[in-house]
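Me: I should like to learn how to read salt bridges and helix packing in a model. Could we work through a case together?

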Amino acid sequence: MNDLDLKNLIHLHEVYHEEKPDLVVSCGGRFEILGNHTDHNHGLCIASACDLQIVATIKPNKNNLVNLKSLGFQADEVELNDLSIQPNEKETSAGLIRGVAKYLSSHGYKIGGFNAYTTSTIFKGAGVSSSAAFELLVGFIFNILYNDGKIDKLTLCKAGQFAENEYFGKKSGLLDQIGVAYGGIVKIDFKNIDNPVVEQVEYPFTDLHFVLVNTGGDHSSLSDLYSSIPVDMYAAANQMRVHFLADATLAKLEEVKHLLPENEYLRAKHFYTENERVELAIKALKENDEVSFLKQINESRISSTINLKNMMVDKKYEGSPLEACDLIMEATNKEGACKINGGGFAGSVIAFVPTKNLKTVLTALSKKYGKDNVKEIFIREDGPKIIKQL
């Protein structure tokens, strides 16, 4: 955030809350590099924090009330004396605030009131987990104001997940929250889903740019499609007499292939091959092997198309993530890579574009989807943080 924007945000806080804020804090979003639809079956993922962010001015109050105003939206006022689930707060920011506060307080941490004013550069439909960014921002504020910064990152992630699942009313794993909280690129092993292993990995490719594309589409009717993927994977796992696919192998899947409907087999196959791609991509990152890295990204896209079948809805190619990926590959002369970013079927894709192709790609995508739906994004090397003391 530049100095002019920051000065304006501080001014907005002063006008709305009639006080000067003490701190300015920020939290980035996240994008998925590899590991599409593997976390719910205890698999492997690679995610990264990004520079699209929520920025907030904050000041503690003595009212035990969170008064949070977001630019362009009505204020959320959450009384911390009552942390029970409020049905009218389902799918609202207030529900996320109350849920984060409930989790932290029930795990022995202190909570307290604060006034905040926020603005965001995370554009709608970007697939970079604006809800997780908001949850981690709220948890971070409680952490620095009332807990001397002693709450660890994984606890803050679990607070966000709890708030999203129980108070917001949307089922969520920990992938989004971990991608937001840790900063940089992380490999996440969900074998123990309650305590995943997080490894931070350096990004060595100076000639490879990230481009995020929002293809549009209405997500409200896609819940059944999203849930069909883990349901099919669980069914395949059950046929192999395990709870999750991570507890069996691809070889075991091939043994029971004849017992499975096509979708269950193909989606389970995607799980195992996607985990292999994660391992190979991590190796490529550590060895500065750009060719191998791009190969894993493109093979993930192919698997999403053929096995996972989440690149479009009902064979509607126009406006689909698959169409966007085809356009990207054409614009890069097949020298780049791209894949779905998030649940799939509609929404966003992430492209990995060589410098020499960047201008062509941005022009072609902006012409198709509009400039507001196409952004070059950058790795954010840290999680939520204080950016200014006032």
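Me: In this predicted model, which side chain does K356 meet in a salt bridge?
Reply: A salt bridge requires a side-chain nitrogen of Lys or Arg within 4 Å of a carboxyl oxygen of Asp or Glu. Here the partner of K356 is E335, with an N to O distance of 2.7 Å. The two residues lie 21 residues apart, K356 in helix α11 and E335 in the loop between α10 and β9.

Me: Is K356 buried or exposed?
Reply: Exposed means over 50% relative accessible area, and buried means under 20%. K356 has 62% relative accessibility and therefore counts as exposed. E335, at 36%, counts as partly exposed.

Me: Which residues are joined into one network by salt bridges that share partners?
Reply: The network consists of E318, E323 and K368. Within it, E323 pairs with K368, their closest N and O atoms being 3.3 Å apart. This pair links helix α10, which holds E323, to helix α11, which holds K368. E323 counts as buried because its relative accessibility is 12%, whereas K368, at 34%, is partly exposed.

Me: How many salt bridges does the structure hold?
Reply: There are 18. Another of them joins K59 to D22 at 3.0 Å between the closest N and O atoms. K59 belongs to strand β2, and D22 to the loop between α1 and β1.

Me: At what angle do helices α2 and α3 pack?
Reply: The angle is about 45°, with the axes 10 Å apart. The two helices are therefore oblique to each other, and their crossing is right-handed. The residues in this contact comprise eight nonpolar, three polar and one charged.

Terms used: Residues are numbered from 1 along each chain as its sequence is written. This is a predicted model: local features need pLDDT of at least 70, side-chain atom pairs count only at pLDDT 80 or more; totals for chains, interfaces and linings use all residues. Side-chain values use heavy atoms; hydrogens and water are left out. Axes are lines fitted to C-alpha atoms, for helices over the stretch in contact, and angles run from 0 to 180 degrees between N-to-C directions. Helices (H or I, at least four residues) and strands (E, at least two) are DSSP runs, numbered from the N terminus. Angles under 35 degrees count as roughly parallel, over 145 as roughly antiparallel, 65 to 115 as roughly perpendicular and the rest as oblique. A crossing is left-handed if the near helix is turned anticlockwise from the far one by less than a right angle, and right-handed if clockwise. Ala, Val, Leu, Ile, Met, Phe, Trp, Tyr, Cys and Pro count as nonpolar, Asp, Glu, Lys and Arg as charged, and the others, Gly among them, as polar. Buried means under 20% relative accessible area, exposed over 50%, partly exposed in between (1.4 Å probe, protein chains only).
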